[in-house]
Amino acid sequence: MKEFFYKDLKLSAFCLGCAQFGQRYGISNKGSILGQSEIKSIVNQAINSGVNFFDTAADYGESEKVLGKLLNPFKGKNLVIATKIKHIKSKEINYKIIKKEIKDSLDSSLKKLRRDYLDIVYIHQCPLFFKFPEVFLEVLNNFKKAGLIKYIGLSLYEPEEVNEAIKHD
């Protein structure tokens with residue numbers, strides 16, 4: 001399988017999206033979460049086919065926990081996991097709440113994924129990031145300085161968000 005390189009990351013040409021591992025999701029999903037044996041088969045087939053890149057999120061139900069358990073026996077292999085910070089749903093939004101929610105989300109992702117660090121962390125809630133970029137970047141950069149995150153990114157939904165994101169590079 002073709003591979004791509006970004007700095008110290010070696011990525012397979014395909015990334016396995018894992019949303020359906022923890023919630024009802026997907027075009028062909030008929031209303032249920034995949035069973036553990038089916039998920040294990042998918043992950044093993046992906047790895048055996050040369051896929052080393054996996055995408056999940058804190059908001060994907062049990063996806064992080066399931067993926068962490070299944071990938072744990074492959075520790076030491078070149079596996080790259082991208083995850084996303086959970087959506088902040090507090091009715092009151094301020095610096096202190098955002099900071100705590102981001103930190104809690106990252107700590108939870110590390111634990112569920114059974115990782116010492118997170119390869120890629122995406123901000124999954126860009127409108128809130130655009131209102132409070134300094135809070136997001138402070139927490140994420142602190143995790144990065146501590147060696148708990150390698151790379152930070154944005155998960156964008158709208159074309160206008162690209163222009164806004166460039167302002168925060």
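**View 1. Packing partners of helix 2 in the predicted model.** The buried residues of helix 2 pack against four elements named here: helix 1 (36–48), strand 4 (53–55), strand 5 (80–84) and helix 3 (95–113). Helix 2 itself spans residues 63–71. It is mostly covered, with seven of its nine residues buried. Those residues are Ser63, Glu64, Val66, Leu67, Gly68, Leu70 and Leu71. An α-helix has 3.6 residues a turn, so residues three or four places apart point the same way.

**View 2. The largest nonpolar core, centred on its best-connected members.** This core holds 38 residues. Phe21, Val43, Phe54, Leu67 and Leu106 touch the most other members. Several elements give two or more residues to the core: helix 1, helix 2, helix 3, strand 6 (118–123), helix 4 (126–131) and helix 5 (133–145). Another core lies apart from it. That one has seven residues, among them Leu9, Leu11, Ala82 and Ile120. In soluble globular proteins, nonpolar side chains tend to be buried together.

**View 3. The surroundings of Phe54.** Neighbours within four places in sequence are left aside here. Phe54 is then in contact with Cys15, Leu16 and Cys18. It also meets Val43, Ile47, Leu67 and Leu71. Leu79, Val80, Ile81 and Ala82 complete the list. Val43 and Leu67 are, with Phe54, among the residues that touch the most other members of the largest core. Leu67 and Leu71 are also buried residues of helix 2.

**View 4. A cluster of phenylalanine rings.** Ring pairs link Phe129, Phe130 and Phe136. The model has three aromatic pairs in its count. Phe129 and Phe130 form a tilted pair, 5.6 Å centre to centre, with 55° between the planes. The rings of Phe129 and Phe136 have centres 5.7 Å apart. Their planes stand at 85°, so this pair is edge-to-face. Each ring of the cluster belongs to a buried residue: Phe129 has 2% relative accessibility, Phe130 has 17%, and Phe136 has 1%.

**View 5. Arg115 over the ring of Tyr117.** Arg115 lies over the face of the Tyr117 ring. The distance to the ring centre is 5.5 Å.

**View 6. Ser12 and its contacts.** Ser12 sits in strand 2 (residues 9–12). Its relative accessibility is 4%, so Ser12 counts as buried. The Ser12 side chain reaches the backbone oxygen of Phe14 at 2.6 Å. Residues up to four places away in sequence are not counted among its touching partners. Those partners are Met1, Lys2, Glu3 and Phe4, together with Gly50, Val51, Asn52 and Phe53.

**View 7. Cysteines without a disulfide.** The count of disulfides is zero. Why is Cys18 not bonded to Cys15? The sulfur of Cys18 is 7.3 Å from the closest cysteine sulfur, in Cys15, and that is too far for a bond. A disulfide needs the two sulfur atoms within 2.5 Å. For Cys126 the closest cysteine sulfur is also in Cys15, at 17 Å, again too far for a bond. Both residues are buried: Cys18 has a relative accessible area of 0%, and Cys126 has 1%.

Terms used: Residues numbered from 1 in each chain as written. Predicted model: local features only at pLDDT ≥ 70, side-chain atom pairs only at ≥ 80, totals over all residues. Heavy atoms only, no water. Buried < 20%, exposed > 50% of the residue type's maximum accessible area, 1.4 Å probe, protein only. Contact = heavy atoms within 4.5 Å. Phe/Tyr/Trp six-rings, centres within 6.5 Å; stacked < 30°, edge-to-face > 60°. Lys NZ or Arg CZ within 6 Å of the ring centre and 35° of its normal. Polar contact = N/O pair within 3.5 Å; in protein donor to acceptor, adjacent residues only side chain to side chain. Core = buried A, V, L, I, M, F, W, Y, C linked by side-chain atoms within 4.5 Å.
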